[in-house]
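Subject: Handing over the model

Hi there,

Here is the model I promised to pass on to you. Could you load it and keep it open while you read my notes?

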Amino acid sequence: MKKLILYFLCAISLVSCGSMGKAGLGKHKAESPAQIYAEDINRTTMRAWASYSGLPQMNLEAYAAAAARAVLAEHTSALVSRTIKESEKGMIVAESELKSVSKETIAGSRVVISDRYVNRDGSETCYLAVEISIDDIIMNIRHSQMIQDAISKATGGHVVDFDDDDFARIMSESFNSIKEESNFLDVSFLP
């Protein structure tokens, strides 16, 4: 009888341990609307998405927006670097200098879609997408001396003419080629 009770208690503890391990997973969904929106191959704006999980009363949107803007800034830095290399005929650009002002290049980015999911453990996960137009990025560069100084430093003191229509055209072309790269929207490095 003692063995039967011992087996019964072991079985109950194993079942409860197994269900606790799966408590926070929630129902799997392949992609959220925010992901689908951000990864649309036909997009005409720079977009990024991120997710953040926490308690229902937390402002998960603010945390997800910060993470998405970090990704957007990173991608915009890559876009500006590529544009300068192409517009200045292969000039070497110190991308670390551009990353220091990448947040300024996306000033005015906006949240375009946000959705929440309730997990089995009662926590919630927010998926969110942000975007900024190529024209706004160019405007931010043209009107910020800090960004222009960083770009000048990144190019070894070379002066880039941001007011030139050719620069805007090359940035649009760079965007169209970069948005098709499979790893361009990779956010796996985020927490």
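Below are my notes on the core, the cavity and two buried acidic residues.

This is a predicted model, so to speak of local features I needed pLDDT of at least 70, and side-chain atom pairs count only at pLDDT 80 or more, while totals for chains, interfaces and linings use all residues. Residues are numbered from 1 along each chain as its sequence is written, and side-chain values use heavy atoms, with hydrogens and water left out.

**The core**

A nonpolar core here is a set of buried Ala, Val, Leu, Ile, Met, Phe, Trp, Tyr and Cys residues joined through side-chain atoms within 4.5 Å; buried means under 20% relative accessible area, exposed over 50%, and partly exposed in between (1.4 Å probe, protein chains only). The largest such core has 37 residues, and I137, I151 and M171 touch the most other members. Two or more residues each come from strand 1 (45–54), helix 3 (60–87), strand 3 (124–133), helix 6 (134–142), helix 7 (145–154) and helix 8 (165–178). Helix 3 gives the largest share, 11 residues. Helices (H or I, at least four residues) and strands (E, at least two) are DSSP runs, numbered from the N terminus.

Beyond its neighbours within four places in sequence, I151 is in contact (heavy atoms within 4.5 Å) with V80, I84, L98, I141, V160 and F162.

**The cavity**

I151 also lines the largest cavity, together with T76, S77, V80, L98, V101, S102, T105, I141 and I147. A cavity is a set of points on a 1 Å grid over the protein atoms alone where a 1.4 Å probe fits but cannot get out, and lining residues have an atom within 4 Å of a point. Helix 3 supplies the largest share of the lining, three residues.

**Two buried acidic residues**

D115 lies in strand 2 (residues 110–118) and counts as buried because its relative accessibility is 14%. Its side chain joins that of Y117 in a polar contact of 3.0 Å (a pair of N or O atoms within 3.5 Å; within protein, one must be able to donate a hydrogen and the other to accept it, and residues adjacent in sequence count only if both atoms are side-chain atoms).

E124, in strand 3, is likewise buried, at 14% relative accessibility. The side chain of E124 makes a polar contact of 2.6 Å with the side chain of R116.

Best wishes

How values were computed: On a 1 Å grid over the protein atoms alone, a cavity is a set of points where a 1.4 Å probe fits but cannot get out, and a pocket is an open set with protein on both sides within 12 Å along at least five of seven lines; lining residues have an atom within 4 Å of a point.
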